[in-house]
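Student: Could we go through this one together, starting with the aromatic side chains and then moving on to the cysteines?
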Amino acid sequence: MKRNVKKILQLSAGTVIAVIITSFSIACSNEDDNLDLQLIEKQNEQKEVLNEETAEFKSNLLSVLKQEKKKGYGNDFSFSEENVAYLKEKGLKMFKSHGFTEDNLKSAGAKTDEDIIAMATIFTAIMEHPADIPRVMKRNESNEPCYDSNAIADCILRATGIKAFVTGCLTKAAALKLVAKIVPYVGAAVMIADFANCMGWFD
């Protein structure tokens, strides 16, 4: 009789422990799921805001490129002084909405007005691609938005010949450093046209 009671108590204890472990696992799983959902919702909200912020520069850039495309441009294509001034103004406005000044761009490596336009072009494309992978976003301890430059890496390579693959969370500050490394080595107007075409922006 005592043995049976002891066995019953052991089984009961084992069952309680199993229930506790299962409950803990479910709780942890639910917490992870909730965190993933929160991160995805945050990125979806961010995407809407960023699309709005970048739309004006992108629209004006494409308007200028389409005008030039009608004239027919080759490897010697360059923006007119009027268009350079116009696109620089729109580019600086876009950068300002993300917390960057003209001095920040020059410190990063922009030497000419066309450099600023080129940087604005690639930066805009990056801003259009928030990272949608929760595990990448979780590694971002600063709680800043993450972006996926790898989504446009092929177009950067085609337009510039430069590989721009990035692992982990790409923040806005990191994105600015990335585009600054690309710009000094290319002819801005030709690169911008090739990049926009590769991105399907003319479609």
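Tutor: Yes, and keep in mind that this is a predicted model. Ring pairs join Phe95, Phe100 and Phe123 into a cluster.

Student: How many aromatic pairs are there in the count?
Tutor: The count comes to 4 aromatic pairs. In one of them, the ring centres of Phe95 and Phe123 are 5.0 Å apart and the planes meet at 50°, which lies between the limits of 30 and 60 degrees, so this pair is classed as tilted. The pair links distant parts of the chain, since Phe95 belongs to helix α2 and Phe123 to helix α4, 28 residues apart.

Student: And are those two buried or exposed?
Tutor: Phe95 counts as buried because its relative accessibility is 0%, and Phe123 is likewise buried at 0%.

Student: What about Phe100 and Phe123, how are their rings arranged?
Tutor: Phe100 and Phe123 form an edge-to-face pair, with 5.9 Å from centre to centre and 90° between the planes. This pair also links distant parts of the chain, with Phe100 in the loop between α2 and α3 and Phe123 in helix α4, 23 residues apart. Both Phe100 and Phe123 are buried.

Student: Switching to cysteines, how many disulfides turn up?
Tutor: Searching the whole structure gives 1 disulfide, formed by Cys155 and Cys198, whose sulfur atoms are 2.2 Å apart. The torsion about their S-S bond is about -80°, so the disulfide is left-handed.

Student: Where do the two cysteines sit?
Tutor: Cys155 is in helix α6 and Cys198 in helix α8, 43 residues apart. Cys155 is buried, with a relative accessible area of 9%, whereas Cys198, at 25% relative accessibility, counts as partly exposed.

Terms used:
Residues are numbered from 1 along each chain as its sequence is written. This is a predicted model: local features need pLDDT of at least 70, side-chain atom pairs count only at pLDDT 80 or more; totals for chains, interfaces and linings use all residues. Side-chain values use heavy atoms; hydrogens and water are left out. Rings of Phe, Tyr and Trp (its six-membered ring) pair if their centres lie within 6.5 Å; planes under 30 degrees apart count as stacked, over 60 as edge-to-face and the rest as tilted. Helices (H or I, at least four residues) and strands (E, at least two) are DSSP runs, numbered from the N terminus. Buried means under 20% relative accessible area, exposed over 50%, partly exposed in between (1.4 Å probe, protein chains only). A disulfide is a pair of cysteine sulfur atoms within 2.5 Å.
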